[in-house]
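Reader: I should like a close look at a single part of this model, followed by an account of how the rest of the chain is arranged. Please take one helix as the point of departure.

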Amino acid sequence: MITVFQRVENLTDRQAAEAVRADLSWKYALGLELDDPGFDASVLSEFRLPASETKREELARAYGSDGYALVAAVYAPFSRAWLRQVPAVDALRVMLIHNCVPTIGNSGREVVERRRPLDDGGEGLPPGRWRLTSPYDTDSRWAAKGDDLFCDGYKVHISETCHADAVGGQRRHGRPGDRAA
């Protein structure tokens with residue numbers, strides 16, 4: 001949560017650590033006591049994605065491999081049946097299917113790779129209306145329009161409706177309670 005606040009307020013690591021120590025609104029939002037001493041600013045660097053694409057790919061492979069191992073253990077014949085009913089396990093399983101693909105690497109062992117779009121020579125990604133984008137909110141979806149307009153969340157469609165007028169039963173457009181012109 002601190003890194004989210006840091007990004008929203010465009011703060012350096014030192015400024016964010018100082019805000020945790022001194023800013024009452026941050027303490028309140030984070031659920032900290034008023035006398036909480038905070039932490040050293042160097043800790044925040046551990047929560048960022050690596051800068052290089054190679055390191056990010058390594059991290060994605062590690063997360064994917066760990067996720068597949070966890071799901072395999074949950075669905076193994078010897079595991080407890082109630083584990084398969086935990087919503088977070090199902091969200092993880094679906095996120096793995098949507099975002100990762102197990103392949104056989106050069107060493108002959110199974111390797112988990114990130115899915116790539118078809119136009120990039122990959123396996124393809126599910127359409128945004130189906131793909132889970134967050135394990136925390138399984139109803140949100142990813143959508144894009146063009147190259148620079150995209151969102152992760154919800155779409156709402158609002159339309160104008162017609163209703164019967166109280167006088168004469170004629171149909172007209174507008175909001176309930178508006179007087180006919």
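**Helix H2 and its surroundings**

Author: In helix H2 (residues 13-22), the buried residues are Asp13, Ala16, Ala17, Ala19 and Val20. These residues lie on the same side of H2, because the arc they cover around the axis is only 155°. The buried residues of H2 pack against two helices, namely helix H1 (2-8) and helix H3 (24-30). The model in which this packing is seen is a predicted one.

H2 belongs to a chain whose secondary structure comprises five helices and six strands. Along the sequence the order is α-α-α-α-α-β-β-β-β-β-β. Of the 181 residues in the chain, 23% are buried. The chain exposes about 14,100 Å², of which carbon and sulfur atoms supply 55%. Among the contacts with a separation of 6 or more, 29% are accounted for by residues 24 or more positions apart.

From H2 the description passes to another helix and one of its residues. Leu92 is found in helix H5 (residues 87-99). With a relative accessible area of 26%, Leu92 is partly exposed, because that value lies between the 20% limit for buried and the 50% limit for exposed residues. Leaving aside residues up to four places away in sequence, Leu92 touches Gly67, Leu70 and Val71. The C-alpha atom of Leu92 is also separated by 6.8 Å from that of Pro135, although the two residues are 43 residues apart along the chain.

H5 appears again in the description of the largest pocket, which has a volume of about 1,200 Å³. This pocket is lined by 26 residues, and the closest to its centre are Leu49, Ala60, Tyr63, Met95 and Arg114. Helix H4 (53-74) and H5 are the elements that give two or more residues to the lining. H4 provides the largest share of that lining, with seven residues.

The strands remain to be considered. Strand E1 (residues 100-104) pairs with strand E2 (residues 110-114) in the antiparallel sense, over five bridges. Within this pair, Thr103 stands opposite Val111 in E2. E1 and E2 form a hairpin with five residues between them, and Gly108 in the turn has a positive phi of about 90°.

Key: Residues are numbered from 1 along each chain as its sequence is written. This is a predicted model: local features need pLDDT of at least 70, side-chain atom pairs count only at pLDDT 80 or more; totals for chains, interfaces and linings use all residues. Side-chain values use heavy atoms; hydrogens and water are left out. Helices (H or I, at least four residues) and strands (E, at least two) are DSSP runs, numbered from the N terminus. Buried means under 20% relative accessible area, exposed over 50%, partly exposed in between (1.4 Å probe, protein chains only). Contact means heavy atoms within 4.5 Å. Accessible areas come from the Shrake-Rupley method with a 1.4 Å probe; for residues, only the protein chains shown count as cover. Two strands pair if DSSP finds at least two bridges between them. The arc is that of the directions from the helix axis to the C-beta atoms. On a 1 Å grid over the protein atoms alone, a cavity is a set of points where a 1.4 Å probe fits but cannot get out, and a pocket is an open set with protein on both sides within 12 Å along at least five of seven lines; lining residues have an atom within 4 Å of a point. Grid points are joined across faces, edges and corners, and a volume is the space filled by probe spheres set on the points.
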